[in-house]
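Thanks for coming. I have one structure to go through today, and I will keep it brief. Please have a look at it before I start.

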Amino acid sequence: MTGEGLSLELASGAPTAVSGLPVACACLHGGRVVFSDGVALYRVGGDSDDGAAIPVRLTLPPVLCPGPARLAGLALDGLANGRLEIAAVSDDGAEACGELGPAGRDGLPGRAACRLGRGYGHVWSISLQADDGAALDIAALEARFVDLDRRP
């Protein structure tokens, strides 16, 4: 089941259409609309619709590598009209950062890749941040690792 609807901000008359939300159930809780896709809870709403950029920060679950590995890069499939800042940290304290995007053109999905600096670790935590409010529709993210020598 997917939800479709229209939100209207009364002060400015700004409409916002929503479509394709994976809604398994929805309810009103504490004056706010909350829905679930069967896995997680989401809150719908906000206190303004003034057209200001909405910052987005996405942190992926930690990636466990079988042995020491270097995070070589990250690839995005989808639509990203702006640029995303990529930050990665390993359990060994290595840090890597870079920029990704834009990806896609004329509303059609595409692919963008980001190469990251050196470092090593067994577990990597990767986050993406966009502050420009540009269109962002992620179909897939692919982390690329290079296995490092495990000899003592």
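I will begin with the second largest pocket. In this predicted model, 16 residues line that pocket, and those nearest its centre are Val56, Ala134, Ala135, Leu136 and Ile138. Two elements give two or more residues to the lining: strand 6, residues 56-59, and strand 12, residues 136-147. Which of the elements gives the most? That is strand 6, with three residues. The space in the pocket comes to about 250 Å³. Sorted by class, the lining residues are 10 nonpolar, three polar and three charged.

Strand 12 takes us on to the strand pairing. It runs antiparallel to strand 7, and 11 bridges join the two. Strand 7 covers residues 63-80, and 14 of its 18 residues are buried, so call it mostly covered.

What else does strand 7 pair with? Strand 10, residues 110-115, is joined to strand 7 by six bridges, again antiparallel. Strand 11, residues 121-130, also pairs with strand 7 in the antiparallel sense, over three bridges.

Some individual positions, if you want to find them on the screen. Asp77 stands opposite Ala140 in strand 12, and Asp77 also stands opposite Arg111 in strand 10. Val63 has Trp124 of strand 11 as its bridge partner.

Last, confidence. The mean pLDDT of the protein is 79, with 76% of the residues at 70 or more. Among the elements, strand 8, residues 84-90, has the highest mean, 93, and strand 1, residues 3-9, has the lowest, 55.

Key
Residues are numbered from 1 along each chain as its sequence is written. This is a predicted model: local features need pLDDT of at least 70, side-chain atom pairs count only at pLDDT 80 or more; totals for chains, interfaces and linings use all residues. Side-chain values use heavy atoms; hydrogens and water are left out. On a 1 Å grid over the protein atoms alone, a cavity is a set of points where a 1.4 Å probe fits but cannot get out, and a pocket is an open set with protein on both sides within 12 Å along at least five of seven lines; lining residues have an atom within 4 Å of a point. Grid points are joined across faces, edges and corners, and a volume is the space filled by probe spheres set on the points. Helices (H or I, at least four residues) and strands (E, at least two) are DSSP runs, numbered from the N terminus. Ala, Val, Leu, Ile, Met, Phe, Trp, Tyr, Cys and Pro count as nonpolar, Asp, Glu, Lys and Arg as charged, and the others, Gly among them, as polar. pLDDT is the predictor's confidence in each residue, from 0 to 100. Buried means under 20% relative accessible area, exposed over 50%, partly exposed in between (1.4 Å probe, protein chains only). Two strands pair if DSSP finds at least two bridges between them.
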